Amino acid sequence: NWGGNDMKKILFTAVSLLCALTSCEAETYDTFVFPEQESSVIEPVDNRFTNNDYSNIPPVSEETIEVFTSEDGICTIQKKNDYYDVSLDLRSGDHFGAGRAYAETLLKADHDFEKKAEQIISDTMIASMVLVKKSKRNDVLLELADKMRSSLYRDYGDEVEGFASVFSKTEGISLDDGVLSSDEAVIFQLYYDIFLDYNGSAVSIGGNRSETGSQISAVTAVSFCRKSDLLLSDHCVLRLIGDDRTINSVSFLGMLGVKTAVTDKGVLASIINADREVKFDHPCGIPRSFVIREALEKCDTAEKTGEYLVKEVYDPDYLFSVFLSDRDNVFSAELNSEKGKSVLRDKDTDLFGALPYDCPDCFFNVISFVSDGQTDRITLDKNTLNIRYLTWRKYNDIFSGSDPLNITSVKNILTSETIDSHTNIIRDNKMQFMLIVDHASGTFQADLVREEGVKNMPDFIDLGSF
């Protein structure tokens, strides 16, 4: 029989043996090791902000590396370190010849242009046409291109045809041979319009928030379709020189339409989507990039440009806005798909009631209409996935306050968050460029994102004056 003492002896022996095997000792601060845990999502405040100061850092004026000129003198391309500076003189010759001169000259400046253009089309098609059967994608693109080409204003259509005439005489799409066919060249010219790659945002500071009282405007272009970094490889400022004005278009080398531009009349314009993603099973929209170019060629102020767009431009398939500013005013032409519903929004326009707006001398434009009574894509779904609402709120937060701002402080604010911060929305990893226009001094400069990606403290490149 087992007695009580026997049981105590057994238990004592077992515990002693267990302690010996596990080196059971009293844990001290010196010996304690924290167990591995998942990393925290809490971000130290210091890690979110860059503390950038551009006070003593002027924009970089890049030297010209090489110059290429067409035989007829219509096109001149200056190759810089970060971009191509292109002059296209539309005052001499015809528009077909201008398009042809541009294509011939850029092939001298960039020997890999055809490969890049094909790859851009291919990458974007794969990224944005996932709901279209692979076997039908080429036919869909050709149909869209033909519809848009047929709706181009004659002079612009001639330029596109002149551009396409320089490339292979073959037709159709073959995106893996490194040679642009004439059809592929047309698709490239209409790239932004076919794929609706007009995402981004804009802000303008004026009134009491501007030291000079004149508008300081910034446009951030973001490509949601960008699968590769090729759209960052050939930044371009195309200077379209007409009889009475020059349009300075910031885009990709070779494109004749206007996505974002500032004229020598002092008008800044930038197309910003206000709709959902492109619907390739739906009738195509209008060639926006050429519609905006036409408006800038006809109008001398931001207000007149906006009034023209609201009255004359109608896209039955898609909503989009055009951000507009000049020295004294800022607007957003909210172009509805219903006739008579378009609005030229200014700083006094009533907004959707649920939108935060604490900066009366600041003007924001995001990828949604915001005028009261317009189609609401921004306040109906105020969750963490609604980039429209989050972008608006971010602008409202970072530009809150009352101190007068200049172009240096605007740059400091717009680059104030680190690129890897989870709260960074405006300069995300799909940004192509940020253009800043100081209407008081008549100058414009840009952060042109290169293949290495968005930088915490980028160099701003001097792109000229007006």
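## Strands β15 and β16

Let's start at one bridge: Thr 443 has Ser 465 as its bridge partner in β16. This pair belongs to a predicted model. Strand β15 covers residues 443-448, and its pairing with β16 is antiparallel, with 4 bridges.

## The six-stranded sheet

Step back from that pair and the wider sheet comes into view. The sheet is open and has 6 strands, in the order β13-β4-β5-β14-β15-β16, with antiparallel pairing. At its edges sit β13 (362-365) and β16 (461-465), each of which pairs on one side only. From one strand to the next, the twist averages 15 degrees.

## Helices on the sheet

Two helices are worth following here. Helix α11, made of residues 387-398, lies across β4 (199-205), β5 (216-222) and β13. The direction of α11 is at about 25 degrees to β4, and because angles under 35 degrees count as roughly parallel, α11 can be called roughly parallel to β4.

Helix α12 (residues 407-414) also packs on the sheet, where its contacts are with β4, β5, β14 (431-438) and β15. Between the directions of α12 and β14 the angle is about 160 degrees. Angles over 145 degrees count as roughly antiparallel, so α12 is roughly antiparallel to β14.

## Strand β3 and its two partners

Now to another part of the chain. Strand β3 spans residues 84-89, and 5 of its 6 residues are buried, so "mostly covered" is a fair description.

How does β3 run relative to β2, parallel or antiparallel? Strands β2 (residues 75-79) and β3 run antiparallel and are joined by 5 bridges. A hairpin of 4 residues links β2 to β3, and Lys 79 has Tyr 84 of β3 as its bridge partner.

With strand β6 (residues 235-241), β3 runs parallel, and 6 bridges join the two. One of the bridge pairs is Asp 89 with Ile 241 of β6.

## Where α4 meets α5

Finally, a helix pair. Two packed helices are described by the angle between their axes and the distance between the axes. For helix α4 (residues 113-128) and helix α5 (residues 137-150), the angle is about 110 degrees and the axes are 12 Å apart. That angle makes α4 roughly perpendicular to α5.

Which residues make the contact? From α4 come Ile 121, Met 125 and Ile 126, and from α5 come Arg 137, Asn 138 and Leu 141. By type, the residues of this contact divide into 4 nonpolar, 1 polar and 1 charged.

Terms used
Residues are numbered from 1 along each chain as its sequence is written. This is a predicted model: local features need pLDDT of at least 70, side-chain atom pairs count only at pLDDT 80 or more; totals for chains, interfaces and linings use all residues. Side-chain values use heavy atoms; hydrogens and water are left out. Axes are lines fitted to C-alpha atoms, for helices over the stretch in contact, and angles run from 0 to 180 degrees between N-to-C directions. Angles under 35 degrees count as roughly parallel, over 145 as roughly antiparallel, 65 to 115 as roughly perpendicular and the rest as oblique. Contact means heavy atoms within 4.5 Å. Ala, Val, Leu, Ile, Met, Phe, Trp, Tyr, Cys and Pro count as nonpolar, Asp, Glu, Lys and Arg as charged, and the others, Gly among them, as polar. Buried means under 20% relative accessible area, exposed over 50%, partly exposed in between (1.4 Å probe, protein chains only). Two strands pair if DSSP finds at least two bridges between them.
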